[in-house]
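User: Could you take a close look at one part of this model for me, the strands that pair up in its later half, and then follow the packing outwards from there? I'd like to see where the side chains are covered and which rings meet.

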Amino acid sequence: MAALKYTVRLMTKDDVPEALEVWSETGMQEASHCLYTWLEVDKDAFNIAVTDSGKVIAVCAAVFHHPDFAFVGLYCCLERYRGRGIGKKVWDACMEHIGTRNAGLDAVPGTLELYRDKGGFPIVETRWTCVMYETENPINHEALSEQVPSEVSIEPFQDAFLPAMAEYDLALVGFDRKLALGLNCKESGSKTLVAFEGGKCVGFGTIKTSCHRCRQVGPLYADDAAVAEVMLKRLIVSFPTAKGLAILTISTNSPANSLLKKIGCPVTEEYIRLYRKEKMEVDTNKVFAQWDLNFCPH
């Protein structure tokens with residue numbers, strides 16, 4: 001095999017489209033514009049391998065959500081360049097970014113032992129798994145309810161809602177993600193709905209278009225399954241030209257999984273959560289769709 005000249009370095013905004021193309025080759029979904037969001041949250045989170053001709057051939061991310069916790073994802077190398085240790089070098093660069101701090105990742109099927117036994121992520125979440133629902137076919141969103149619980153209003157996102165949303169998110173995950181939340185709601189082509197009851201935020205949800213031109217929903221958080229159901233239907237309806245749906249739920253959130261079965265969106269894979277030091281505690285009953293697979297824990 002001929003020697004390949006390449007460099008591992010931090011990703012810039014100019015590299016985002018090519019990095020997303022590398023991920024797209026895996027066949028997995030990711031929102032088309034969210035890499036810009038997470039790059040702004042943590043400018044040192046993304047490492048890429050670039051050939052001397054300027055081609056991005058591998059990528060990995062380790063995004064800090066607070067000073068003591070990062071989440072690892074988007075780890076891939078173009079198939080024709082695998083077997084040369086390139087992916088391992090971008091992985092090592094991300095691990096250097098994390099240092100000795102705690103971190104989490106979702107292990108796709110067949111990789112659990114690699115990350116647990118050799119990758120430094122020995123703590124396995126055994127209470128639940130991440131469930132990927134995905135289809136490019138039409139979905140039956142008409143099966144979802146439009147009945148909003150009394151005293152609850154669901155409104156399109158506006159900047160004035162961000163403090164209430166950030167307060168809700170902080171109570172859910174335990175750390176401040178206001179910057180990421182604001183950027184998420186303003187990503188190109190995205191739409192966000194916010195639920196209020198008595199002036200207090202009781203949930204919110206975002207829909208985007210993925211790198212495979214599917215609707216991608218996440219996050220979708222709510223105190224009440226009926227609120228989550230109405231938000232999911234309205235988000236789907238708001239993207240009439242996109243195809244299918246991609247959404248990541250938690251196995252123990254039965255109402256969330258029932259909604260996806262109701263509209264005919266099939267399970268494609270399940271992922272096991274791993275941590276370096278300790279598990280993250282979250283009320284998963286409120287997580288109807290995780291923010292995404294690659295960049296955040298819920």
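Analyst: Happy to! Buried here means under 20% relative accessible area, exposed over 50% and partly exposed in between, with a 1.4 Å probe and protein chains only. This is a predicted model, so local features need pLDDT of at least 70 and side-chain atom pairs pLDDT 80 or more, while totals for chains, interfaces and linings use all residues. Residues are numbered from 1 along each chain as written, and side-chain values use heavy atoms, without hydrogens or water.

Let's start with strand β10, residues 200-209 (helices, H or I of at least four residues, and strands, E of at least two, are DSSP runs numbered from the N terminus). Of the 10 residues in β10, 8 are buried, so the strand is mostly covered. It has a partner on the N-terminal side in sequence: β9, residues 191-197, runs antiparallel to β10 and is joined to it by 7 bridges (strands pair if DSSP finds at least two bridges between them). Within that pairing, T192 has T206 of β10 as its bridge partner. The β9 and β10 hairpin has 2 residues between its strands, and G198 there takes a positive phi near 60°.

Next comes β11, residues 214-222, which pairs with β10 in the antiparallel sense over 6 bridges. Here G203 stands opposite A222 of β11. The hairpin of β10 and β11 has 4 residues between the strands, and in this one R213 is the residue with a positive phi, near 65°.

Beyond these strands comes helix α7, residues 225-237. Its buried residues are V227, A228, E229, V230, M231, L232, K233, L235 and I236. Charged side chains are therefore on that buried list too, namely E229 and K233.

Now for strand β7, residues 130-135, where 6 of the 6 residues are buried. Both of its faces are covered: C130, M132 and E134 are buried on one side, and V131, Y133 and T135 are buried on the other. β7 has antiparallel partners of its own. With β12, residues 243-250, it pairs over 6 bridges, and Y133 has I247 of β12 as its bridge partner. With β13 it pairs over 4 bridges, again antiparallel, and M132 is matched there with E269.

β13 also brings us to the rings. A search of the whole structure finds 11 aromatic pairs (Phe, Tyr and Trp rings, the six-membered one for Trp, with centres within 6.5 Å; planes under 30 degrees apart are stacked, over 60 edge-to-face, the rest tilted). One of them is F69 with F175, a tilted pair at 6.4 Å centre to centre and 35° between the planes. F69 sits in strand β4, residues 69-77, while F175 is in the loop between α5 and α6, so this pair links parts of the chain 106 residues apart. Both rings are covered: F69 is buried at 5% relative accessible area, and F175 is buried at 8%.

F69 also forms a tilted pair with Y275, at 6.4 Å centre to centre and 45° between the planes. Because F69 lies in β4 and Y275 in β13, residues 267-275, this pair ties together parts that are 206 residues apart in sequence. Y275 is buried, as F69 is. Elsewhere, ring pairs link W38, F46, W291 and F295 into a cluster.

How values were computed: The expected span of a helix is 1.5 Å times one less than its number of residues.
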